[in-house]
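Hi,

Here is the structure I promised to pass on. Have a look at it first, and my notes on the empty spaces follow below.

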Amino acid sequence: MVQLPAWLPGPVQVAIPLAVLASLALVRRLDGPDGRWGRRLRSRFLLGVPWGTLVSAAGVLAVYLFVQEGWNHWRGPLTIPFSSWSYLYPVGWLLAPFSHTGPGHLVGNLTTTLAVAPLAEYFFGHFPTERGENPFFSKTTNPWIRAFVIFPAGVALVGLATSVFAWGPIIGFSGVAFAFVGFAMVRYPLLTVVAVSAQGAIRTAYRALRDPVIVGEASRSFGPPWWSGIAVQGHALGLLLGVLLGVVLLYRRRRRVGALRLWTGAVVLGFSMTLWALWWYRGESSFVLYRGLGVVFVVALAAVTTAAATADRRPLFGDVSRQQVGLLALLLPLAVMVGVAIPVNLTAVEGGNAPGDGPGIEVRGYNVTYAEHVRNQKVSAIDVEMFGETTQVTTSGVIVVNEDREIWTQAVSKGRLAFAGRTGVKVGGVGWSEVVRVRRAGWSVAGGGTAYQVWLRGPDDDRWTHSFASEPAVAGPTLANHTVAVAPNEGAFVVHVARNNSTVASAPIPAKGESVTLDGIRFVREGPRLFATYDGTRIKIATRETYN
């Protein structure tokens with residue numbers, strides 16, 4: 001049997017584009033457009049192609065491949081230095097809206113862009129809308145400039161706005177993707193719903209081309225609620241910016257959309273794109289979702305959008321027109337978001353040292369350590385208490401601090417490290433990156449908690465640096481009026497035997513197959529388990545942590 005090279009596409013991967021082309025050819029034959037499709041596209045697009053969309057998508061992909069090092073590390077790009085940490089760190093807020101946390105994040109935003117941005121660009125148009133106007137009369141009407149300069153420049157400016165006016169650190173092109181949706185929605189509401197639905201089809205086709213056959217099996221996983229990772233305020237900001245720009249263009253061109261169609265499209269899009277997922281922190285690894293309030297928010301936003309987009313020039317009161325009131329209704333929430341964003345993004349990191357009592361790893365201005373129950377400096381930048389919630393939250397896990405870049409972040413949560421056991425934290429900047437390795441080891445006691453320790457290793461280190469040790473874990477069972485605890489001790493683990501709340505004996509946990517006797521109780525190590533034996537009674541005391 002001849003083995004084909006791995007880089008050659010398989011039969012299914014070849015069949016997918018052929019099936020799509022054959023299906024489209026059938027639809028064209030059945031519809032009999034007689035060139036109408038091409039003429040309609042060429043009436044709005046230079047050569048019938050949405051060049052601005054392609055240029056914008058290519059720019060985002062280039063940032064991922066060459067700035068974030070995705071070319072060499074497709075599944076593990078450099079992300080920490082490319083978030084919008086503060087106005088005091090320009091590289092962050094300049095690159096954040098065009099950077100991504102991984103291939104799933106990138107593909108999701110690019111497929112949305114390829115599905116919706118052409119519709120927004122069609123509304124914008126490469127040619128003048130007035131009959132008889134010479135498109136080459138000025139730079140702003142030149143189709144080449146509009147396609148390759150003005151539209152991509154507008155995309156870049158909207159991206160920067162979603163970064164500069166977001167509430168705290170953001171990363172990703174999703175704010176711009178929502179702006180495409182808002183811009184297209186005010187002119188083509190139901191077509192925008194179809195385009196957003198098509199995004200799922202594009203993503204599925206891409207995944208099928210990449211992996212035509214996958215095998216799945218049941219497995220354990222760790223992760224916070226899916227909605228806790230949604231940057232709703234960034235999405236809402238992008239959508240409002242797109243709606244505002246679209247409404248201004250509608251006013252200029254004196255176009256009007258049916259109110260029912262627009263309201264329906266806005267509500268459907270708001271729900272389907274999870275704009276209702278309003279959430280906040282409720283502890284270190286707990287979050288609260290205000291789903292009911294989110295539904296009200298989506299419906300209210302749809303109402304404001306519809307009222308603004310369908311307003312005419314008739315006066316509402318005095319010399320104030322309905323269109324002016326509509327613009328004001330869109331500008332007010334944007335002004336509120338900007339008013340919150342400016343003081344939040346002007347905050348600076350308090351000291352460049354990483355929190356916690358244990359030593360950390362320093363890499364070219366970055367301080368990496370492990371700490372628990374420390375104040376989250378970015379979430380707690382401004383002290384606010386409202387509706388029973390507060391911005392004064394704490395966090396536990398691997399913390400990365402860089403005072404020069406105004407970076408303070410939990411790179412790996414305590415729970416995720418407990419699940420995985422080992423991980424790496426990539427730090428760096430434009431043109432360089434290094435990885436700090438993190439390792440956890442621990443023992444879980446019967447009927448109790450877990451005693452564990454964390455080590456770090458820098459890129460040039462030969463040895464692991466001990467960074468953190470937990471409190472002892474006391475086992476639930478008692479044996480001969482003795483309590484047993486497992487405690488971290490300078491990188492190792494020891495067994496404490498106590499009676500009447502006083503420790504009577506201690507010893508390191510024995511190696512595999514060995515035993516130790518403490519105050520008449522014999523402790524036997526059998527593989528990853530530790531057993532205690534006394535007067536014919538044998539119980540399991542502790543088990544070494546295992547990871548996934």
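How do the residues of the lining of the second largest pocket divide into nonpolar, polar and charged? Keep in mind that this is a predicted model. The count comes out at 20 nonpolar, no polar and 1 charged.

That pocket holds about 960 Å³ of space. Its lining takes in 21 residues, and Leu41, Leu114, Ala115, Pro118 and Ala198 are the ones closest to the centre. Four helices each give two or more residues to this lining: H1 (11–31), H2 (36–44), H5 (103–124) and H8 (189–210). H8 has the largest share, with 6 residues.

Now for the closed spaces. I found 2 cavities of 30 Å³ or more in the structure. The largest cavity has about 100 Å³ of space. If you want to find it on screen, go to Leu239, Ala266, Gly270, Leu275 and Leu301, which are the closest to its centre among the 13 residues that line it. Helices H7 (174–185), H10 (259–272) and H11 (291–309) each put at least two residues into the lining of this cavity. The largest share here is from H11, which supplies 4 residues. As for chemistry, the lining of the largest cavity has 11 nonpolar residues, 2 polar ones and no charged ones.

The second largest cavity comes to about 40 Å³. Around it you'll see Trp85, Gly168, Pro169, Val344, Asn345, Thr347 and Lys378. This lining is a mix: 3 nonpolar, 3 polar and 1 charged.

One more residue to click on while you're in H11 is Thr306, which sits in that helix. Is Thr306 buried or exposed? It counts as buried, because its relative accessibility is 9% and the cut-off for buried is under 20%. Beyond its neighbours within four places in sequence, Thr306 is in contact with Ala259, Leu262 and Trp263. Residues 259–272 make up H10, so those contacts of Thr306 in H11 are with Ala259, Leu262 and Trp263, and H10 and H11 are both among the helices that supply the lining of the largest cavity.

To put the two cavities side by side: the lining of the largest one has no charged residues, while the lining of the second largest one has 1.

Send me your thoughts once you've had a look.

Cheers

Technical notes. Residues are numbered from 1 along each chain as its sequence is written. This is a predicted model: local features need pLDDT of at least 70, side-chain atom pairs count only at pLDDT 80 or more; totals for chains, interfaces and linings use all residues. Side-chain values use heavy atoms; hydrogens and water are left out. On a 1 Å grid over the protein atoms alone, a cavity is a set of points where a 1.4 Å probe fits but cannot get out, and a pocket is an open set with protein on both sides within 12 Å along at least five of seven lines; lining residues have an atom within 4 Å of a point. Grid points are joined across faces, edges and corners, and a volume is the space filled by probe spheres set on the points. Ala, Val, Leu, Ile, Met, Phe, Trp, Tyr, Cys and Pro count as nonpolar, Asp, Glu, Lys and Arg as charged, and the others, Gly among them, as polar. Buried means under 20% relative accessible area, exposed over 50%, partly exposed in between (1.4 Å probe, protein chains only). Contact means heavy atoms within 4.5 Å.
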